Every structure is written in structure tokens, then in C-alpha cells.
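Trainee: I am new to this structure. Could we go through the labels and the reasons behind them?

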Amino acid sequence: MAGKFSSRWFRTTLEKYEVEVDGGFLMGKKTEERFNDRTVDFDKFANKLTEIYEGFDSDGYDVINVVPISMGQSEEMRSKAGYLGEVGFSITRGAVVIGKKREN
């Protein structure tokens, strides 16, 4: 027997961007893919959330709560004078979605 409540969670990837880097004398300029530590891929985030909502609906559950999953990190801060310290921040990397079984 399935319970009255169900939970599903997901974590999404960071946003990607491309930069042109010097590959040296033989390689010349090349493009390299990197991740942005400050934002997620919102298309993937929204698609995963929609997928979970659709799954709950087809299983007979209503979504009653979405709890964001935030992950903290820090970056080194510098100026011309040198090291200034660390700056902390967090970004939402995913979510826990709670569903409640529909009453017939």
C-alpha cells in the first residue's frame, strides 16, 4: 500500500558557458566549456520540476510543498593590496517535492 504522502527530489547541473582559450603555438585558439558556479541551468531545473509534477499527477498525488535545496560555497576576494578574505553565498541547486494522495 502506498502512503498518503510521497517525496521526490532532484539536483540540477550548473549553467555552462564557453570561453576562448589560447591552446599554444600548435593548437592556436580553441573553445573550452566551463561551469558558472553562481547559477544553475534553469531550463533543466524547470524541466525536472515539471517531470516530477507530472509524475505525481499521474500517480494520483497533489503537490503540496516544494523545498529548495541550497548549497553554499565561498570565493576568495582580492584587491591590489592582496587577500581580503572569503565571501560566502549559496545557490538553489535542486528541490524536494512533497505530494499528498488525492482523496476519492
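Mentor: What follows covers ring pairs, burial and a surface patch in a predicted model.

Trainee: How many aromatic pairs are there?

Mentor: The count comes to two.

Trainee: Why is the pair of F10 and F45 called edge-to-face?

Mentor: The ring centres of F10 and F45 are 5.1 Å apart, and a pair needs centres within 6.5 Å. The planes stand at 70°. Over 60 degrees counts as edge-to-face, so F10 and F45 earn that label.

Trainee: What does this pair of F10 and F45 tie together?

Mentor: F10 lies in strand β1 (residues 5-11) and F45 in helix α2 (residues 42-58). The pair therefore ties together parts that are 35 residues apart in sequence.

Trainee: Are F10 and F45 buried or exposed?

Mentor: Buried means under 20% relative accessible area. F10 has 3%, so F10 is buried. F45 has 15%, so F45 counts as buried too.

Trainee: What makes the pair of F56 and Y61 tilted or stacked?

Mentor: Their planes are at 50° and their centres 5.8 Å apart. Stacked needs under 30 degrees, edge-to-face over 60. The angle fits neither, so the pair is tilted. F56 and Y61 are both buried.

Trainee: Which charged end sits over the ring of F56?

Mentor: That of R8, 4.3 Å from the ring centre. The cut-off for distance is 6 Å.

Trainee: Why is M77 called partly exposed?

Mentor: M77 has a relative accessible area of 34%. That lies between 20% and 50%, so M77 is partly exposed. M77 belongs to strand β4 (residues 61-79). With L84 and V87, M77 forms a nonpolar surface patch.

Conventions. Residues are numbered from 1 along each chain as its sequence is written. This is a predicted model: local features need pLDDT of at least 70, side-chain atom pairs count only at pLDDT 80 or more; totals for chains, interfaces and linings use all residues. Side-chain values use heavy atoms; hydrogens and water are left out. Patches are made of residues with over 30% relative accessible area and no salt bridge: like charges are joined within 9 Å, nonpolar side chains (Val, Leu, Ile, Met, Phe, Trp, Tyr) within 5 Å. Accessible areas come from the Shrake-Rupley method with a 1.4 Å probe; for residues, only the protein chains shown count as cover. A salt bridge is a side-chain nitrogen of Lys or Arg within 4 Å of a carboxyl oxygen of Asp or Glu. Helices (H or I, at least four residues) and strands (E, at least two) are DSSP runs, numbered from the N terminus. Buried means under 20% relative accessible area, exposed over 50%, partly exposed in between (1.4 Å probe, protein chains only). Rings of Phe, Tyr and Trp (its six-membered ring) pair if their centres lie within 6.5 Å; planes under 30 degrees apart count as stacked, over 60 as edge-to-face and the rest as tilted. A charge sits over a ring if NZ of Lys or CZ of Arg is within 6 Å of the ring centre and within 35 degrees of the ring normal.
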